[in-house]
Number of protein chains: 4
Amino acid sequence: QTHWTLTLVCEDRPGIVHAISGAVVDAGGNITESQQFSSHDTGTFFMRLQVVSSTGREAFEAALAPVVARYGMEWKLDVVGRPLRTLVLVSTAAHCLNDLLFRQRAGQLPIEIPLVLANHPDLQGLAEFYGVPFEHRAVVGAELKAEFERRILEVVDEHDVELVVLARYMQILSPELCAALEGRAINIHHSFLPGFKGANPYRQAHARGVKLIGATAHFVTSDLDEGPIIEQNVVRVDHTREAADLVAIGQDEESRTLTQAVRWFAEDRVLLDGARTIVFR
Amino acid sequence: QTHWTLTLVCEDRPGIVHAISGAVVDAGGNITESQQFSSHDTGTFFMRLQVVSSTGREAFEAALAPVVARYGMEWKLDVVGRPLRTLVLVSTAAHCLNDLLFRQRAGQLPIEIPLVLANHPDLQGLAEFYGVPFEHRAVVGAELKAEFERRILEVVDEHDVELVVLARYMQILSPELCAALEGRAINIHHSFLPGFKGANPYRQAHARGVKLIGATAHFVTSDLDEGPIIEQNVVRVDHTREAADLVAIGQDEESRTLTQAVRWFAEDRVLLDGARTIVFR
Amino acid sequence: QTHWTLTLVCEDRPGIVHAISGAVVDAGGNITESQQFSSHDTGTFFMRLQVVSSTGREAFEAALAPVVARYGMEWKLDVVGRPLRTLVLVSTAAHCLNDLLFRQRAGQLPIEIPLVLANHPDLQGLAEFYGVPFEHRAVVGAELKAEFERRILEVVDEHDVELVVLARYMQILSPELCAALEGRAINIHHSFLPGFKGANPYRQAHARGVKLIGATAHFVTSDLDEGPIIEQNVVRVDHTREAADLVAIGQDEESRTLTQAVRWFAEDRVLLDGARTIVFR
Amino acid sequence: QTHWTLTLVCEDRPGIVHAISGAVVDAGGNITESQQFSSHDTGTFFMRLQVVSSTGREAFEAALAPVVARYGMEWKLDVVGRPLRTLVLVSTAAHCLNDLLFRQRAGQLPIEIPLVLANHPDLQGLAEFYGVPFEHRAVVGAELKAEFERRILEVVDEHDVELVVLARYMQILSPELCAALEGRAINIHHSFLPGFKGANPYRQAHARGVKLIGATAHFVTSDLDEGPIIEQNVVRVDHTREAADLVAIGQDEESRTLTQAVRWFAEDRVLLDGARTIVFR
């Protein structure tokens, strides 16, 4: 018996659930988890199923074929728990990478990491401790930056990478790279977006005197810090905290928020509805 | 067109979703919201649908009849937004009643209140301001208590009451009354259950030095403070707070927690799975 | 015996605590609560004391006089629990006013309200239920708006008002009025500032797909939604929530956040440090 | 210039603040942070100061001597940021140790760890990665258990250990050891105490159907899970979570709660007031 994940996106119309559940019955499957959403904003229907079935992939796909054709569905059939091939980009901050690697080893994050690619050498030891390949390439000047980005795409291609995670990677990606990775690159921003975009958000937060600071995991788009939001968390602070304190306090929120977003993405729980995300938690 | 709520509970078996969605299609309905859950603990399947349909109730029920019969389903078909007939019991504390009445008038809580029944006269003015009938009967001694409980059942019967809310009603209900109201009486307990059962939970919380205090909305059972939990919230406190401070601080959590539980129940989002609740938020 | 609140602000220098505590001893007082903060940003020292003393105000002030003179302190001596004279401005939304009035009557908010001034008549009944004078003046066009603002200042003058609360008052105050009320007018903004300034923040929040919505209580300044922040709260939402849902969900945060800010201000716990607030919670 | 921490505990009487601040002035110090609390429960006065001074320890202590004698104070003078000598006990679960070690290396946790002592070998690699000595001793049967406890006391003695942290150490300490380590051993319990004491709290939480799960850091006492609470956190869960899910979800709260408690203790912010803690955050 296999435990499948099935995600479906199509124009919203009557009868979809009946058609899909019929195909599942035809494939000898039993639905163990089901979530759906009809977006008023875009008229789109979203569905995520988990199905237990003794059928193989081919038979399952054959049962689905007429339904997905009739409704013009985008769809994905995957096996629950299959590790997602994930490239992680880092600079010098260790906390997000540490959390991803720790959770992955603990069996709480279904990803595999063919490579950690870094523009600084600092995190090599951490990656090695977890047995993950680490590659350092300096990014100084336009040429090295372009080379780094070519290397990203090369790794994506070579390892058939499904997700690129910017785990406090401190370089802005070029619009071309953003376009190439659209919908499969996740960044962690160390503020509660849309507040405090851009550099030094904790310094901005201190200057503004906010009473809560936060972190936002979002898809990378060429419009900096404006990509669809996947997850956000906040933590209370008070007037006694300097900007440097906020940096330390915010790290827990950053790492938990990023890890959560990566987990949901790896479990096929995150779907795009225009500039917004559907998250089937 | 009518917007329906349909809840279903039965033994978990394959094919349920397909069968139900087929009945919905037969009734000319379109599913706008769907949630389901299969309990590993009890082997029970739970489903809540919202369906838009131009069919009348009779035709809808006719379409459902063979499916609910085949699967031995408990089911309920209702109209979205229909106010639930709700009896509210109070003593002297105003905050929970105030929140229920305010939310109800603001159109944010689909209930109608045929009566507020009280063992103290204090809240008469508040009920009257919101145009809700108020009845005061002293509860001193066993005889008056029994009479009060008879009056509860009388009102439940007379107004076909669907939910009884104990909004800081400070009397313990008799086992007989608990049994009679099983699954349709909700209490707010002013602690984070299962901690601090019984009387004076804030004094207990102060003595124990907890760093968070909370409130719990739960179904009433004869096993005091042990009924299935519907909703819980907490708020941070520190060592400077006396027991009296905790009382004031906890009131926000009590009223928001109770109102939330009542709203979910009124929207048919709360189902019982043994000693636990399924809440389709 | 009187329970005093004493707040002090001056340039930060050594020896202040010793000097002040000496004055308290001289006045026969015992410090029951003490908080202080030295701002690195502005080099300012802030202190809030609660003192129990059998001395009258004159003697206490006499004991303080040489110290406050030596350090050039701004200071305020008040009696714990004295109700703050508070003018409340409203439009049509009831939830913030309802919470202020309910908490005030419950003895949990040390304010007295000589008047609720409104640009719509809707909340008259609510104010009357709580026995608070209510005055309605339409604000249509520049002239009526100017007249309304003159009336605000008149009431402030007449009743020696110490705080003006904008409890979802939906008019923008003129720069002149903002200046006149500087440091003693509090507004509730229905977003987590600095995100979603201006109109329709919940619609903006929905469009941006944020996963948490919030409310911000801040001092009113002529720079709209940029005044010093006093308190903020957030609540989790998900993709299923329309903008209208967010409005209802956000109301709890708005009213609790505003009431909290007003309570702290009334208890002399909020001090200004440039564009930031010190909150001695 | 040295940055000092000074904590003081004595019977509450008038004039303490003035006396202490006078001693600080005499020692040429400037108070940069000050917190105090008078416990109504026990009549005890608690104070924590941070003082910048160019005086050496001897001169500072000399200035304090008459005051602490007069008031019969328990007191501690320490240097801000001095790493606390901390012995960590573990079994097999890695998340708490991982967080302590990561935070310590990141400079966000002022402790030094002479030894990680374990009753299972699993976490050796993790300790070694962070360069911390690791010692494994099996605890099977009463004799080995007694030997393990003797070894704890030996290490405490040998390294002058100031704090023992039970980072998911799954053995119950003997009453004798609890007594020997009183006030300097911190445990993390994986529930929101006082709910779900004892073994398998997540299974209990699942069975009870709670809507929030939590973690509690508390001082170790011979009365299991009843020691004074230092910090607590909760996280929301719903009916879909099995006990095993709760274990994974709860780990973030466990590690952040324990690390927070250790940080506050290491910064001399945690004082005991009978069965409750004063936490000067």
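The following dialogue goes through chain symmetry, aromatic contacts, backbone features, a helix and a pocket of this predicted model.

Student: How are the residues, chains and ligands numbered or lettered, and what pLDDT do local features need?
Tutor: Residues are numbered from 1 along each chain as its sequence is written, while chains are lettered from A and ligands numbered from 1 in the order in which they are written. Side-chain values use heavy atoms, with hydrogens and water left out, totals for chains, interfaces and linings use all residues, side-chain atom pairs count only at pLDDT 80 or more, and local features in this predicted model need a pLDDT of at least 70.

Student: What turn lays chain B on chain C, and which residue of chain B comes closest to the rotation axis?
Tutor: Copies are superposed by least squares on the C-alpha atoms of residues with pLDDT of at least 70 in both. Chain B is laid on chain C by a turn of 180 degrees with a shift of 0.0 Å along the axis, at an RMSD of 0.0 Å. That is the relation of a two-fold axis. Judged by C-alpha atoms, the residue of chain B that comes closest to this axis, at 3.4 Å, is F129(B).

Student: Which residue of chain C comes closest to the axis of the rotation that superposes chain C on chain A?
Tutor: Chain C is superposed on chain A by a rotation of 180 degrees with 0.0 Å of shift along its axis, and the RMSD is 0.0 Å. With its C-alpha at 2.3 Å from the rotation axis, the residue of chain C that comes closest is G195(C).

Student: How many aromatic pairs are there over all chains, and why does the pair of F192(B) and F192(D) join two chains?
Tutor: Rings of Phe, Tyr and Trp (its six-membered ring) pair if their centres lie within 6.5 Å, and planes under 30 degrees apart count as stacked, over 60 as edge-to-face and the rest as tilted. A search of the whole structure finds 20 aromatic pairs, and among them F192(B) and F192(D) are edge-to-face, with 4.8 Å from centre to centre and 80 degrees between the planes. The pair joins two chains because F192(B) lies in the loop between β9 (185-189) and α7 (201-208) of chain B, and F192(D) in the loop between β9 and α7 of chain D.

Student: Is F192(B) buried or exposed?
Tutor: Buried means under 20% relative accessible area, exposed over 50%, and partly exposed in between, using a 1.4 Å probe and protein chains only. F192(D), at 6% relative accessibility, counts as buried. F192(B) has a relative accessibility of 6%, so this residue counts as buried.

Student: Which residues form one aromatic cluster, and over which ring does the charged end of R105(A) sit?
Tutor: One aromatic cluster is formed by F129(A), Y130(A), F129(D) and Y130(D). A charge sits over a ring if NZ of Lys or CZ of Arg is within 6 Å of the ring centre and within 35 degrees of the ring normal. The charged end of R105(C) sits over the ring of F129(C), 5.0 Å from its centre, and that of R105(A) sits, 5.0 Å from the centre, over the ring of F129(A).

Student: Where is P194(A), and what is the omega of the peptide bond from L193(A) to P194(A)?
Tutor: Most peptide bonds are trans. P194(A) has its place in the loop between β9 (185-189) and α7 (201-208) of chain A, where helices (H or I, at least four residues) and strands (E, at least two) are DSSP runs numbered from the N terminus. The peptide bond from L193(A) to P194(A) is cis, with omega near 10 degrees.

Student: What is the phi of F196(A), and where is this residue?
Tutor: Most residues other than glycine have a negative phi. F196(A) is not a glycine, yet its phi is positive, about 60 degrees. F196(A) is buried, with a relative accessible area of 13%, and its place is in the loop between β9 and α7 of chain A.

Student: Why is helix α3 of chain B largely enclosed by the rest of the structure, and which residue follows it with a positive phi?
Tutor: Helix α3 (residues 95-105) of chain B is largely enclosed because nine of its 11 residues are buried, including H95(B), L100(B) and F102(B). The residue that follows α3(B), with a positive phi near 75 degrees, is G107(B).

Student: How many residues line the second largest pocket, and what is its volume?
Tutor: The second largest pocket is lined by 30 residues, of which Y169(D), M170(D), H189(D), H190(D) and G198(D) lie nearest its centre. On a 1 Å grid over the protein atoms alone, a pocket is an open set of points where a 1.4 Å probe fits, with protein on both sides within 12 Å along at least five of seven lines, and lining residues have an atom within 4 Å of a point. Grid points are joined across faces, edges and corners, and a volume is the space filled by probe spheres set on the points. For the second largest pocket, that volume is about 580 Å³.
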